[in-house]
Amino acid sequence: DWDAAPRPWIIGHRGVGDSLAPEQTYASFDQAAAAGAAVECDAARTADGGLVCMHDDTTDRTTGVAGYVTRLRLDDLARMNAANHGAWTSRYEPIPTFEGYLARYGHRSLLMPEAKSAGSALVLVDAIRRGGVAAATVVQSFLASELFAMKDAGIERRYGIRSLLLGSTAPECVAPNATLYGTWAIGCGAAAVDAPWIASPH
């Protein structure tokens, strides 16, 4: 679990990003896991209530097929190629489902999925519980609504699934906000990180 893992924690953002494999694909997640990094992903809801690993609101950039993730069904997304962009157009990679991500990495890696849309955090929590990987998983979000939903439902106390406050600026990434939202940790944009900010939560 996160408490027992050696520090500093190394987190593979969208797997290994888009540098060594197409972002947010099993190929990218596999490389992050093999390197001993925590595996970060973005979890998006589909039209039929499913969850997939997708950063953008649309499928346009990564698959070359136009569409909003929230208006597409899981079987629509299953037919798309998540590697159809940039240097990767000659290969095929499926769009991972969130359940597939949990099953593949949750028992060997630390996980850090992001709740990207309103109403998604508790859906992620339900999948994490069913997958039996609560201790390995921290749910992160920029959205106050999702952090409050986890706090109000007592998710960390009841199930051991922690939350992390994401912010882009120093005023967002302060200890009082973490207390307000009931989060376990704070993640902040690099531009806001300086010595006073590092000292402030401690």
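**Notebook: a helix end, a sheet and a cavity**

Entry 1. I began at the end of helix α5, where G132, just after the helix, takes a positive phi of about 70°. I keep in mind throughout that this is a predicted model.

Entry 2. I then went back into α5 itself, which spans residues 121-131, and looked up its buried positions, finding A121, L124, V125, A127 and I128 among the buried residues. Looking down the axis of α5, I found that these buried residues fall within an arc of 165°, so they line one face of the helix.

Entry 3. Next I turned to strand β2, residues 38-45, and asked how many of its 8 residues are buried. The count came to 7, and I therefore noted the strand as mostly covered, taking buried to mean under 20% relative accessible area.

Entry 4. I went through the pairings of β2 one by one, beginning with strand β1, residues 11-12, which pairs with β2 in the parallel sense over 2 bridges. For G12 I looked up the bridge partner in β2, and this is V39. Following the chain from β1 to β2, I passed through helix α1, residues 26-34, and recorded this β-α-β crossover as right-handed.

Entry 5. Strand β4, residues 111-115, also pairs with β2 in the parallel sense, here over 5 bridges. As a reference point for this pairing I wrote down D42, whose bridge partner in β4 is E114.

Entry 6. With strand β3, residues 51-53, the sense is antiparallel, and 3 bridges join this strand to β2. I located A43 opposite C53 of β3. The two strands β2 and β3 form a hairpin with 5 residues between them, and in the turn I found G49 with a positive phi of about 85°.

Entry 7. I finally asked how many cavities of 30 Å³ or more a search of the whole structure finds. The search returned 1, and I noted about 70 Å³ of space in the largest cavity.

Entry 8. Which residues line the largest cavity? I listed E23, Q24, C53, M54, H55, D56, R61, T62, A82 and I95, and sorting this lining by residue class gave me 4 nonpolar, 3 polar and 3 charged residues. One name was already in my notes, since C53 of the cavity lining is the residue that A43 stands opposite in β3.

Note on methods
Residues numbered from 1 in each chain as written. Predicted model: local features only at pLDDT ≥ 70, side-chain atom pairs only at ≥ 80, totals over all residues. Heavy atoms only, no water. Buried < 20%, exposed > 50% of the residue type's maximum accessible area, 1.4 Å probe, protein only. Helix = DSSP H or I, 4+ residues; strand = E, 2+ residues; numbered from the N terminus. Pairing = 2+ DSSP bridges. Right-handed = clockwise from strand over helix to strand, strands pointing away. 1 Å grid on protein atoms, 1.4 Å probe; cavity = no way out; pocket = protein on both sides within 12 Å on 5 of 7 lines; lining within 4 Å. Points joined across faces, edges and corners; volume = space filled by probe spheres on them. Nonpolar A, V, L, I, M, F, W, Y, C, P; charged D, E, K, R; others polar. Arc of directions from axis to C-beta.
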